[in-house]
Amino acid sequence: MCDAEPQSLALSSPPDDVDSVHELLEAVWRKHDDVRDLDRMAFETALVELASNVIRHADAGSGVRCSVTVAVTESRVEATLVDTGEAGDIVLTAAQLPDDLAESGRGLPIIQALVDELTYTRDGGLNRWCIARDRERC
Amino acid sequence: MDFPVSHLPDGVAVLRPAGKLNMVSSGALREAITGLLEAGHRRLVADLSEVTFMDSSGLGALIGGLKSARQAGGDLRIAAVGEQIRMVLQLTNMERVLPPFERPEAAYADV
């Protein structure tokens, strides 16, 4: 099954957390059972890293609301996150891995390694993140 | 997330988390490792056979545990990783720092 009808989630953190993103993806994969294991694994890892980043940035303030929408087409798996957090100061050029024993700083390099497209825009007081991974040929 | 602990005959403590190691559960993993070190255990293994997913938060907790264990004169090693964890280790070049052993019993076979 390869339609582009998106599935989405409205996340409000706290109390919601990234486990709800895993649950959303389980529902997506149930609907699109032709998405290959490698694509599922890679996309889930990238999306959870991105959502974690959004939630973590909210921790400093009064919480964040975030909508997560996932669409599967014949050629790609895509997700859009729109959140109410502060403007991202993130630089989306090729991210460097931190020192071996650093305990953080690997999220963005992991995302970049696993998706074919990563964009960030700030519009109307909202952050909009898009990721897309080209699917393995069936 | 539950963290059952077992002990190998040679005194190695084996921590067996299950489920997802993400930002929700990584703090508890860190605390479990700290608890073992405080209880005097020095050689630790994280048996990841029941972990279905690990992200950079989970990896960060393992690295934090590794550093704490080394500071205490011990070590933390990992075993029985699945495909997704192996992918994360490869993407982050962490296979050198946290080389995955096939089984917990093999993690300290060299010492």
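## Two chains, questioned

Reader: Where in chain B is B:Pro9 found?
Author: The model is predicted. Two strands of chain B frame this residue: β1 (5-7) and β2 (13-15). B:Pro9 is found in the loop between them, the β1-β2 loop of chain B.

Reader: Is B:Pro9 buried or exposed?
Author: Count the C-beta neighbours inside 10 Å: B:Pro9 has 6. A residue with 12 or fewer is exposed. Therefore B:Pro9 counts as exposed.

Reader: What separates the C-alpha atoms of B:Pro9 and B:Glu105?
Author: Along the chain, B:Pro9 and B:Glu105 are 96 residues apart. In space, their C-alpha atoms are separated by 9.6 Å.

Reader: In what order do the elements of chain B run?
Author: Chain B has three helices and seven strands. Read them from the N terminus on. The order is β-β-β-α-β-β-α-β-α-β.

Reader: What is the radius of gyration of chain B, and what does the globule rule give?
Author: The C-alpha trace of chain B spans about 30 × 25 × 25 Å along its principal axes. For 111 residues the globule rule gives 13 Å. Chain B comes close to that, so it is as compact as a globular protein of that length. Its radius of gyration is 12 Å.

Reader: What percentage of the residues in chain B is buried?
Author: A residue needs 20 or more other C-beta atoms within 10 Å to be buried. Chain B has 111 residues to test. Buried residues make up 47%.

Reader: Which residues of α3(B) are buried?
Author: Helix α3 of chain B covers residues 83-91. Just after α3(B), B:Asn93 takes a positive phi of about 60°. Within the helix, the buried residues are B:Gln84, B:Ile85, B:Val88, B:Leu89 and B:Leu91.

Reader: Which element gives the most to the side of chain B that touches chain A?
Author: Here 20 residues of chain B are in contact with 20 residues of chain A. On the chain B side, α2 (56-71) and α3 (83-91) are the elements that give two or more residues. By class, that side has eight nonpolar, eight polar and four charged residues. The most, seven residues, comes from α2(B).

Reader: Which strands are the edge strands of the open sheet in chain A?
Author: This sheet has five strands in the order β1-β2-β3-β5-β4, with antiparallel pairing. Its neighbouring strands are turned by 15° against each other on average, direction ignored. An edge strand pairs on one side only. Those strands are β1 (7-13) and β4 (117-123) of chain A.

Reader: What is the bridge partner of A:Thr80 in β5(A)?
Author: Strands β3 (residues 76-83) and β5 (residues 126-134) of chain A run antiparallel. Eight bridges join them. In β5(A), the partner of A:Thr80 is A:Cys130.

Reader: At what angle does helix α1 of chain A run to β1(A)?
Author: Helix α1 (residues 19-31) lies across two strands of chain A, β1 and β2 (64-72). Its angle to β1(A) is about 175°.

Reader: Which helix gives the largest share of the largest nonpolar core?
Author: The core has 65 residues. Among those that touch the most other members are A:Ala46, A:Leu47 and B:Leu62. The largest share, nine residues, comes from helix α2 (residues 37-58) of chain A.

Reader: Which residues is A:Ala46 in contact with, leaving aside its neighbours within four places in sequence?
Author: A:Ala46 is one of the core residues that touch the most other members. Beyond those sequence neighbours, its contacts are A:Ile110, A:Ile111, A:Leu114, A:Val115 and A:Ile131.

Conventions: Residues numbered from 1 in each chain as written. Chains lettered and ligands numbered in written order. Predicted model: local features only at pLDDT ≥ 70, side-chain atom pairs only at ≥ 80, totals over all residues. Contact = placed C-beta atoms within 7 Å. Helix = DSSP H or I, 4+ residues; strand = E, 2+ residues; numbered from the N terminus. Nonpolar A, V, L, I, M, F, W, Y, C, P; charged D, E, K, R; others polar. Pairing = 2+ DSSP bridges. Axes fitted to C-alpha atoms, helices over the stretch in contact; angles between N-to-C directions. Core = buried A, V, L, I, M, F, W, Y, C linked by C-beta atoms within 7 Å. Rg over C-alpha atoms; globule rule 2.2 N^0.38 Å.
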